[in-house]
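This briefing is intended to accompany the sequence and the structure shown below. Please keep both in view while reading the points that follow.

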Amino acid sequence: MAEKNHLSDISKRRTFAIISHPDAGKTTITEKVLLFGRALQKAGTVKGKKSGQHAKSDWMEMEKERGISVTTSVMQFPYADHLVNLLDTPGHEDFSEDTYRTLTAVDSCLMVIDAAKGVEARTRKLMEVTRLRDTPIITFMNKLDRDIRDPMELLDEVETELNIACAPITWPIGSGKSFKGVYHLHRDETILYQSGQGHTIQPVRIIKGLDNPELDGAVGSDLAQTLRDELELVVGASNEFDQELFMAGEITPVFFGTALGNFGVDHMLDGLVEWAPAPLGRETEDGRIEADAAAFSGFVFKIQANMDPKHRDRIAFCRIVSGKYEKGMKMKHTRIGKDVRIADALTFLAGDRALLEEAYAGDIIGLHNHGTIRIGDTFTAGENFRFTGIPNFAPELFKRIRLRDPLKQKQLLKGLIQLSEEGAVQVFRPLVNNDLIVGAVGVLQFDVVVARLKSEYNVEAIYEHISVNTARWVYSEDPRKLDEFRRKAEHNLALDGGDNLTYIAPTMVNLQLARERYPDIQFTHTREH
Ligand code: G4P
């Protein structure tokens with residue numbers, strides 16, 4: 001449990017998320033992190049893909065089957081004198097725009113890479129999103145208990161494909177069956193790996209100094225020599241860790257280990273508390289709010305619906321930017337200009353949904369939402385401003401949605417617009433016909449929309465294929481050019497849920513041609529709320 005005296009010390013808070021390709025080991029590493037945070041007695045109980053220990057508050061059956069739950073949305077735990085918030089980034093079928101937006105609510109990211117595979121597609125995409133804010137990135141090369149690719153080559157790949165310099169902090173000794181541990185470049189010590197200890201925290205054997213003959217005895221003289229040779233190369237060829245470059249998202253400290261074997265995760269966590277930023281301020285329309293500002297402020301980056309089937313409530317996840325939340329306090333919901341009293345915000349200490357007395361900058365609180373809160377909304381202690389930088393992202397998947405009962409067209413539209421305001425999906429209405437197009441970043445959202453339309457709006461809808469590949473919001477400084485564009489490209493234009501003009505492209509090539517043909521039009525893949 002968090003020690004009381006640290007609760008208010010924001011310099012000791014770290015709020016981060018994991019970016020990775022599915023199956024790289026995000027869930028496993030989360031378990032181990034919680035194990036170190038003493039939030040779990042025994043690893044193997046987070047998502048319970050196998051163990052069957054789904055969290056209590058799973059909402060719809062559909063989500064239950066897929067093992068998605070609110071308790072894993074935010075996890076708060078103490079580590080090494082710090083209080084850490086880990087925000088979940090849905091990654092499998094549940095991958096969605098929420099995944100992207102969660103990255104706007106953290107101050108740093110852990111990138112987990114399967115060291116047998118290297119940089120994979122999803123990681124590339126998520127890295128692009130972290131670039132919007134130049135988020136500091138820590139890297140964990142996972143699955144060293146398997147045969148991996150040449151570590152030097154892995155670093156090269158990260159550098160060239162993700163355009164970020166690598167600073168190895170630990171270096172592996174062997175891999176697969178001959179994985180012996182890592183050498184910690186900053187501590188000048190070798191930490192030895194023992195297999196079969198993945199579920200608990202075990203004492204480790206440490207050998208000080210690279211030239212220590214004990215090392216030869218422990219890992220064998222061949223591996224010891226290889227390590228010494230490699231390190232000479234590594235030190236010459238790679239970058240040294242630099243705090244400033246790290247903070248600018250230009251260099252990433254790299255750790256090696258195995259999440260399954262619970263080895264190396266603590267080295268990474270030590271790096272996180274040492275280097276990753278304490279809660280950072282955020283931009284508003286009228287300037288920046290720093291994390292140490294006294295007055296409460298926060299923004300909503302995610303809304304999760306129907307978590308408690310009995311109450312049909314929705315939870316709005318609010319990142320506190322500054323000040324303090326106290327139970328029963330009054331906040332201003334600035335978009336609608338109303339004061340609200342919040343008596344029952346949720347917190348997520350130790351992975352459990354619990355009522356909360358107080359929370360500080362960097363923390364996430366869950367606000368009960370009865371339909372008034374939207375993604376991007378700002379809450380303050382009374383001032384009138386709005387945080388920026390919590391955008392919509394252009395969907396990557398599209399379907400036409402159609403009613404089974406054509407008489408309910410109005411309800412369908414209303415439902416879709418509300419769901420899009422909430423951030424679940426996006427809806428597009430072409431200028432030239434009456435189609436309704438649903439756009440999402442992940443496939444699960446399509447099912448969620450149909451299920452919610454049925455239960456909340458009493459409409460039965462089905463999907464049809466539509467040949468849309470991508471969408472971009474369009475703007476122009478020059479209203480005449482925009483008008484002209486609107487006329488000429490009418491067949492590819494639609495309005496989104498908020499009536500913003502959007503270009504709907506059947507292919508990427510089509511989009512590229514449109515860009516070339518209309519140089520005065522800006523095509524953007526994010527849109528501010
Ligand atoms: P994800 O959340 O990123 O999708 O990955 P997850 O942790 O679920 O891990 C994906 C698979 O990789 C799991 O195996 C997991 O046990 C395995 N894994 C994770 N870390 C390591 C590691 O350090 N070494 C090895 N050898 N495997 C690792 P699975 O068989 O697909 O799932 P399960 O049957 O174990 O649940």
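**Exposure and surroundings of Q522**

Q522 counts as partly exposed, since 14 C-beta neighbours lie inside 10 Å. The residue belongs to strand β32, which covers residues 522–524. The model discussed here is a predicted one. The points below begin with Q522 and then turn to other residues, the ligand, the overall organisation and the confidence of the prediction.

- Beyond its neighbours within four places in sequence, Q522 is in contact with V474, Y475 and S476.
- Q522 and L260 are 262 residues apart along the chain, and 46 Å separates their C-alpha atoms.

**A buried and an exposed residue**

- K302 is part of strand β14, which spans residues 297–304.
- Is K302 buried or exposed? K302 is buried, because 28 other C-beta atoms lie within 10 Å and 20 or more are enough for a residue to be called buried.
- When residues up to four places away in sequence are not counted, K302 touches D98, R101, T102 and F317.
- From C-alpha to C-alpha, K302 and F255 are 30 Å apart in space, with their positions 47 residues apart in sequence.
- Q512 is located in helix α13, formed by residues 508–517.
- Q512 is exposed, because it has 12 other C-beta atoms within 10 Å and a residue with 12 or fewer is called exposed.
- A distance of 22 Å separates the C-alpha atoms of Q512 and E161, two residues that are 351 residues apart along the chain.

**Two loop residues with positive phi**

- K143 is found in the loop that connects β5 (137–142) with α5 (151–162).
- The phi angle of K143 is near 70°, which is a positive value in a residue other than glycine.
- K143 counts as buried, as it has 26 C-beta neighbours inside 10 Å.
- D188 is placed in the loop between β8 (181–184) and β9 (189–192).
- Although D188 is not a glycine, its phi is positive, at about 50°.
- D188 counts as exposed, given its 12 C-beta neighbours inside 10 Å.

**The shell around the ligand**

- Which residues come nearest to the ligand? Of the 19 residues around the ligand, these are K26, T27, T28, T258 and L260.
- Helix α1 (residues 26–36) supplies the largest share of this shell, namely three residues.
- By chemical character, the shell around the ligand consists of four nonpolar, eight polar and seven charged residues.

**The nonpolar core**

- The largest nonpolar core holds 128 residues, of which C109, L110, V300, C318 and I365 touch the most other members.
- The element that gives the most to this core is strand β15 (residues 314–322), with six residues.
- C318 touches G298, F299, V300, I364, I365, L367 and F379, leaving out residues up to four places away in sequence.

**Overall organisation**

- The protein has 529 residues, and buried residues make up 47% of them.
- Its secondary structure comprises 13 helices and 33 strands.
- According to the domain assignment, the protein contains domain 1 (19–35 + 97–275), domain 2 (282–380) and domain 3 (394–528).
- Domain 1 and domain 3 have C-alpha centres that lie 40 Å apart.
- Among the contacts between residues at least 6 apart in sequence, 71% join residues that are at least 24 apart.

**Confidence of the prediction**

- The average pLDDT of the protein is 88, and 89% of the residues score at least 70.
- For the complex, the predictor gives an ipTM of 0.97 and a pTM of 0.90.
- Over residues 1–5 pLDDT stays under 50, and the model has six contacts beyond four places in sequence for this stretch.
- Over residues 47–71 pLDDT also stays under 50, and here the model has 45 contacts beyond four places in sequence.

Definitions and conventions:
Residues numbered from 1 in each chain as written. Predicted model: local features only at pLDDT ≥ 70, side-chain atom pairs only at ≥ 80, totals over all residues. Near = placed C-beta within 6 Å. Helix = DSSP H or I, 4+ residues; strand = E, 2+ residues; numbered from the N terminus. Nonpolar A, V, L, I, M, F, W, Y, C, P; charged D, E, K, R; others polar. Domains from an automatic or database assignment. Core = buried A, V, L, I, M, F, W, Y, C linked by C-beta atoms within 7 Å. Contact = placed C-beta atoms within 7 Å. pLDDT = per-residue confidence, 0-100.
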